[in-house]
Amino acid sequence: MILFSICSLLSFVIMLAHGGKLPDPEVKIEVVHKPLMCHRKTKYGDMVLVHYEGYLHSNGTMFHSSRLEGDKNPVWFTLGTREVLLGWDKGLQKMCIGERRKLIVPPSLAYGKEGKGKIPPSSTLLFDIEVIDIRNGPRSHDTFQEMDLNDDWKLSKQEVKVYLEKEFAKHGYSPNDTHNEAMVEDIFKNEDEDKDGFISAREFTYQHDEL
Ligand SMILES: [Ca+2]
Ligand SMILES: [Ca+2]
């Protein structure tokens with residue numbers, strides 16, 4: 001009897017926990033074209049160059065086209081860092097150069113209840129997106145690994161300093177110890193969230209909201 005009530009209590013608690021949570025909104029992905037050759041796929045922190053058209057899902061009105069508007073050039077953005085709509089961060093992972101996808105993005109992963117400019121409130125959006133190029137972003141895991149000289153998955157002040165010196169040298173600046181040390185201190189002030197004296201992989205790839 002006691003066992004029974006514990007069991008039913010437990011399932012009740014589990015039910016509560018599930019019932020109280022709405023499922024995460026999803027991006028619907030349709031691969032329109034996938035090239036045969038694929039040397040690398042987009043991943044978190046990559047710089048991605050795309051051409052895209054954006055439409056209102058409700059009536060098909062096009063609200064933007066990178067091919068037709070502005071300077072008609074494709075646009076760069078960093079994947080997975082909320083530089084663009086959440087729907088893009090979620091929907092453009094693991095894409096090859098030359099791949100085209102259609103994304104159906106719910107309002108909660110786009111412009112929300114408010115909308116923006118040509119986008120009415122609570123709009124589901126449809127994007128047609130083609131990946132033109134992929135490069136290592138400033139916060140990619142590759143950059144992190146390059147900086148992490150002793151492979152312990154965290155960056156010491158010394159490692160960051162060495163990297164800065166290398167970057168400055170690459171761009172033709174002579175080494176300036178005082179300046180670099182001040183920069184390192186500044187970087188750690190912002191990036192070393194838990195103040196343990198190291199920048200972890202998570203701290204490194206996490207984009208801080210600049211509000
Ligand atoms: Ca290290
Ligand atoms: Ca830390």
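# A walk through a predicted protein chain

Let's start at threonine 61, which is exposed because just 12 other C-beta atoms sit within 10 Å of its own. (A residue is buried if 20 or more other C-beta atoms lie within 10 Å of its own, exposed if 12 or fewer, and partly exposed in between, with C-beta atoms placed from the backbone.) Keep in mind that this is a predicted model, where local features need pLDDT of at least 70, side-chain atom pairs count only at pLDDT 80 or more, and totals for chains, interfaces and linings use all residues. Residues are numbered from 1 along each chain as its sequence is written, while chains are lettered from A and ligands numbered from 1 in the order in which they are written.

Where does threonine 61 sit? You'll find threonine 61 in the loop between strand 2 and strand 3. (Helices, H or I of at least four residues, and strands, E of at least two, are DSSP runs numbered from the N terminus.) Not counting residues up to four places away in sequence, threonine 61 touches Tyr55 and Leu56; touching here is contact, meaning that C-beta atoms, placed from the backbone, lie within 7 Å. Threonine 61 and leucine 125 are 64 residues apart in sequence, yet their C-alpha atoms are 9.9 Å apart in space.

Now zoom out. The protein chain has six helices and eight strands, and reading along the sequence you meet them in the pattern α-β-β-β-β-α-β-β-α-β-α-α-β-α. Of the 211 residues in the chain, 18% are buried. Take the contacts between residues at least 6 apart in sequence: 64% of them join residues at least 24 apart.

How confident is the predictor? That is what pLDDT tells you, as the predictor's confidence in each residue from 0 to 100. The chain's mean pLDDT is 85, and 86% of its residues reach 70 or more. Among the elements, helix 1 (residues 2–19) has the lowest mean, 52, and strand 5 the highest, 98.

Back to the strands, and to strand 2 in particular. Strands count as paired if DSSP finds at least two bridges between them. Which way do strand 2 and strand 3 (residues 62–65) run, parallel or antiparallel? They pair in the antiparallel sense, over three bridges, and glycine 54 has histidine 64 as its bridge partner in strand 3. These two strands make a hairpin with five residues between them, and glycine 60 in the turn has a positive phi of about 80°.

Strand 2 (residues 47–56) also runs antiparallel to strand 4 (residues 75–78), joined by four bridges. With strand 6 (residues 125–135), strand 2 pairs in the antiparallel sense over ten bridges. Methionine 47 is a handy spot to see both partners: threonine 78 is its bridge partner in strand 4, and arginine 135 stands opposite methionine 47 in strand 6. A little further along, leucine 49 is bridged to aspartate 133 of strand 6. Strand 6 also runs antiparallel to strand 5, with six bridges joining them; there, valine 105 stands opposite leucine 125.

What fills the core? A nonpolar core is a set of buried Ala, Val, Leu, Ile, Met, Phe, Trp, Tyr and Cys residues joined through C-beta atoms within 7 Å. The largest one has 19 residues, of which Val48, Leu92, Val105, Phe127 and Ile129 touch the most other members. Strand 2, strand 5 (100–105) and strand 6 are the elements that give two or more residues to this core, and strand 6 gives the most, with five. Leaving aside neighbours within four places in sequence, isoleucine 129 is in contact with Val50, Tyr52, Leu92, Arg100, Arg101 and Leu103.

Finally, follow the chain onward. An unreviewed UniProt entry carries the annotation "domain: EF-hand" for residues 135–170 and 179–211; its positions are given in the numbering used here, its feature names are shortened, and annotations may be inferred rather than shown by experiment. Residues 135–170 are 58% helix and 8% strand, and their end C-alpha atoms lie 18 Å apart. Just after helix 4, glycine 172 takes a positive phi of about 85°.

Two residues other than glycine have positive phi values too. Aspartate 151, with phi near 55°, is in the loop between helix 3 (141–147) and strand 7 (154–155). Aspartate 151 counts as exposed because it has 7 C-beta neighbours inside 10 Å. Lysine 195, also with phi near 55°, is in the loop between helix 5 (177–191) and strand 8 (199–200). Lysine 195 has 8 C-beta neighbours inside 10 Å, so it counts as exposed.

Conventions:
Contact = placed C-beta atoms within 7 Å.
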